[in-house]
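Me: Please take a close look at one part of this protein and describe how that part sits within its surroundings. I would like a connected account rather than a list.

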Amino acid sequence: RAEELAGAVIQGDSAVILSATDIIAAQWPGGQPVTSPPGATDQRVPRKGDKIIIEGRTRNVEAADPVYVTGELHRVNLQVRG
């Protein structure tokens with residue numbers, strides 16, 4: 001909707017909520033449990049330029065906002081384009 005457009009969001013962008021359940025089960029990104037030191041960037045969170053396939057269509061990740069509950073990754077809110 002037009003009233004939702006702000007900043008780097010353009011018409012045609014979509015919001016995606018990605019559950020951490022599958023990311024954690026797959027031990028994304030490399031098949032090993034994530035053992036990041038405190039304060040490090042969480043490698044499980046997609047970054048700008050990463051790709052996501054939605055209903056057979058490849059989209060570009062423009063922004064990611066990870067949500068943590070009691071220190072554990074719970075979900076990732078994505079802004080995607082394409």
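**A close look at strand β4**

Reply: Gln79 lies in strand β4, which spans residues 72-81, and this strand is the part followed here, in what is a predicted model. Gln79 counts as buried because its relative accessibility is 16%, and the cut-off for that label is under 20%. The side chain of Gln79 is joined to that of Asp13 by a polar contact of 2.6 Å.

The setting of β4 is an open sheet of four strands, ordered β1-β4-β3-β2 and paired in the antiparallel sense. The edges are formed by β1 (14-19) and β2 (51-54), each of which pairs on one side only, while the twist from one strand to the next averages 45°.

Turning to the nonpolar side chains, the largest nonpolar core has nine residues in all, namely Val16, Ala20, Val45, Ile52, Val61, Leu73, Val76, Leu78 and Val80. The strand that gives the most to this core is β4, with four residues. Leu78, one of the core residues, has a broad list of partners once its neighbours within four places in sequence are left aside: Leu78 is then in contact with Ser14, Ala15, Val16, Leu18, Pro46, Ile52, Val61, Ala63 and Ala64.

Ile52, which is among the contacts of Leu78, also leads to the other end of the sheet order, since Ile52 stands opposite Arg59 in β3. In the pairing of β2 with β3 (residues 57-69), which is antiparallel and runs over four bridges, Lys51 has Asn60 of β3 as its bridge partner. These two strands form a hairpin with two residues between them, and Glu55 in the turn has a positive phi of about 50°.

How far the description can be trusted depends on the confidence of the model. The mean pLDDT of the protein is 80, with 76% of its residues at 70 or more. Confidence is highest in β3, at 91, and lowest in helix α1 (residues 20-25), at a mean of 84. Over residues 1-6, by contrast, pLDDT stays under 50, and the model has three contacts beyond four places in sequence for this stretch. Where pLDDT is low, the predicted coordinates should not be read in detail.

Conventions. Residues are numbered from 1 along each chain as its sequence is written. Side-chain values use heavy atoms; hydrogens and water are left out. Two strands pair if DSSP finds at least two bridges between them. Axes are lines fitted to C-alpha atoms, for helices over the stretch in contact, and angles run from 0 to 180 degrees between N-to-C directions. pLDDT is the predictor's confidence in each residue, from 0 to 100. Contact means heavy atoms within 4.5 Å. Buried means under 20% relative accessible area, exposed over 50%, partly exposed in between (1.4 Å probe, protein chains only). A polar contact is a pair of N or O atoms within 3.5 Å; within protein, one must be able to donate a hydrogen and the other to accept it, and residues adjacent in sequence count only if both atoms are side-chain atoms. A nonpolar core is a set of buried Ala, Val, Leu, Ile, Met, Phe, Trp, Tyr and Cys residues joined through side-chain atoms within 4.5 Å.
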